[in-house]
Amino acid sequence: MENKMIMEAIGIIHTPFTTKKECPIQPLYSSGSIGRVEVFGKYEAGLKDIETFSHIYLIYLFDRSGDIELIRATFLDDEPHGIYASRHPCRPNRIGLSIVRLIRREGNILTVEGADMLDKTPLLDIKPYIPKYDAIASASEGWTAGKAWRKKPEGRE
């Protein structure tokens with residue numbers, strides 16, 4: 001028996017990126033990219049006090065990712081890795097997660113820095129980044145340890 005879930009977008013993320021090729025890989029490396037997070041009106045009340053946080057998690061749908069591949073090369077490495085040992089968008093449930101800096105809130109619109117998703121990406125949820133809960137000094141970098149940052153390889157989704 002297959003388990004199915006139904007999720008409803010709570011908003012839409014607007015960014016300057018209209019193609020996968022121009023879309024940055026991670027928020028840390030797209031610090032200059034500004035995005036607008038539009039929370040639908042019926043969910044606006046849930047934004048109360050969000051402006052008290054400097055950073056937020058955006059949880060969204062990779063709605064334009066390619067075929068699911070459980071083992072594949074990533075943007076950072078030509079060696080294939082398991083999809084759950086990476087942040088690659090071609091995943092079974094196509095859920096994306098980014099930590100962005102919250103610049104301001106104006107009603108139901110959040111202006112953020114570090115947008116690394118395509119324009120008009122469906123927003124599933126928002127959570128505050130809280131350093132005393134989320135920053136783990138002893139965390140391991142796994143296979144990414146010692147890997148130099150590089151641009152997205154040409155022709156690789």
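Throughout this tour, a residue is called buried when its relative accessible area is under 20%, exposed when that area is over 50%, and partly exposed in between, using a 1.4 Å probe and protein chains only. The model is predicted, so local features need a pLDDT of at least 70 and side-chain atom pairs count only at pLDDT 80 or more, while totals for chains, interfaces and linings use all residues. Residues are numbered from 1 along each chain as its sequence is written, and side-chain values use heavy atoms, with hydrogens and water left out.

**First stop: an exposed tyrosine**

Select Tyr84, which is exposed because its relative accessible area is 65%. Tyr84 sits in the loop between β5 (80-82) and β6; here strands (E, at least two residues) and helices (H or I, at least four) are DSSP runs, numbered from the N terminus. Now add Ile68, Leu70 and Ile71 to the selection, and together with Tyr84 they make a nonpolar surface patch of about 470 Å². Such a patch is made of residues with over 30% relative accessible area and no salt bridge, in which nonpolar side chains (Val, Leu, Ile, Met, Phe, Trp, Tyr) are joined within 5 Å.

**Second stop: the nonpolar core**

In soluble globular proteins, nonpolar side chains tend to be buried together. A nonpolar core is a set of buried Ala, Val, Leu, Ile, Met, Phe, Trp, Tyr and Cys residues joined through side-chain atoms within 4.5 Å. To find the largest one here, which has 18 residues, select Val37, Ile56, Leu58, Leu110, Leu123 and Ile126, the residues with the most contacts inside it. At least two residues of this core come from each of β2 (34-39), β3 (55-61), β6 (95-106), β7 (109-113) and β8 (121-128), and the largest share, three residues, is supplied by β3.

Keep Ile56 selected and display its surroundings, counting as a contact any heavy atoms within 4.5 Å. Leaving aside neighbours within four places in sequence, the residues that Ile56 contacts include Ile50, Ile99, Leu110, Val112, Ile126 and Tyr129.

**Third stop: aromatic pairs**

A pair of aromatic rings is described by the distance of the centres and the angle of the planes. Rings of Phe, Tyr and Trp (its six-membered ring) pair if their centres lie within 6.5 Å, and planes under 30 degrees apart count as stacked, over 60 as edge-to-face and the rest as tilted. By this rule there are two aromatic pairs. Select Tyr57 and Tyr129, whose ring centres are 5.9 Å apart and whose planes stand at 55°, so the pair is tilted. This pair links distant parts of the chain, with Tyr57 in strand β3 and Tyr129 in the loop between β8 and α1 (131-134), 72 residues apart. Tyr57 is buried, its relative accessible area being 16%.

Next select Tyr60 and Phe62, whose ring centres are 5.5 Å apart with planes at 85°, so this pair is edge-to-face. Both partners count as buried, Tyr60 at 2% relative accessibility and Phe62 at 18%.

**Fourth stop: salt bridges**

A salt bridge is a side-chain nitrogen of Lys or Arg within 4 Å of a carboxyl oxygen of Asp or Glu, and the structure holds nine of them. Select Glu44 and Arg105, whose closest N and O atoms are 3.9 Å apart. Glu44 lies in the loop between β2 and β3 and Arg105 in strand β6, so their bridge ties together parts that are 61 residues apart in sequence. Add Glu51, which also forms a salt bridge with Arg105, the closest N and O atoms being 3.4 Å apart. Glu44, Glu51 and Arg105 are thus seen as a linked network of salt bridges. Glu44 is partly exposed at 27% relative accessibility, as is Arg105 at 25%.

Then move to Arg101 and Glu113, a salt bridge with its closest N and O atoms 2.7 Å apart. Arg101 lies in strand β6 and Glu113 in strand β7, so the pair ties together parts that are twelve residues apart in sequence.

**Last stop: two loop residues**

Select Asp49, in the loop between β2 and β3, which has a positive phi of about 75° although it is not a glycine. Finish at Lys120, in the loop between β7 and β8, where phi is near 70°, a positive value in a residue other than glycine. Asp49 counts as partly exposed at 37% relative accessibility, whereas Lys120 is exposed, with a relative accessible area of 51%.

How values were computed:
Patch = residues over 30% accessible without salt bridge, like charges linked within 9 Å, V, L, I, M, F, W, Y side chains within 5 Å. Areas by Shrake-Rupley, 256 points an atom, 1.4 Å probe, with all protein chains shown as cover.
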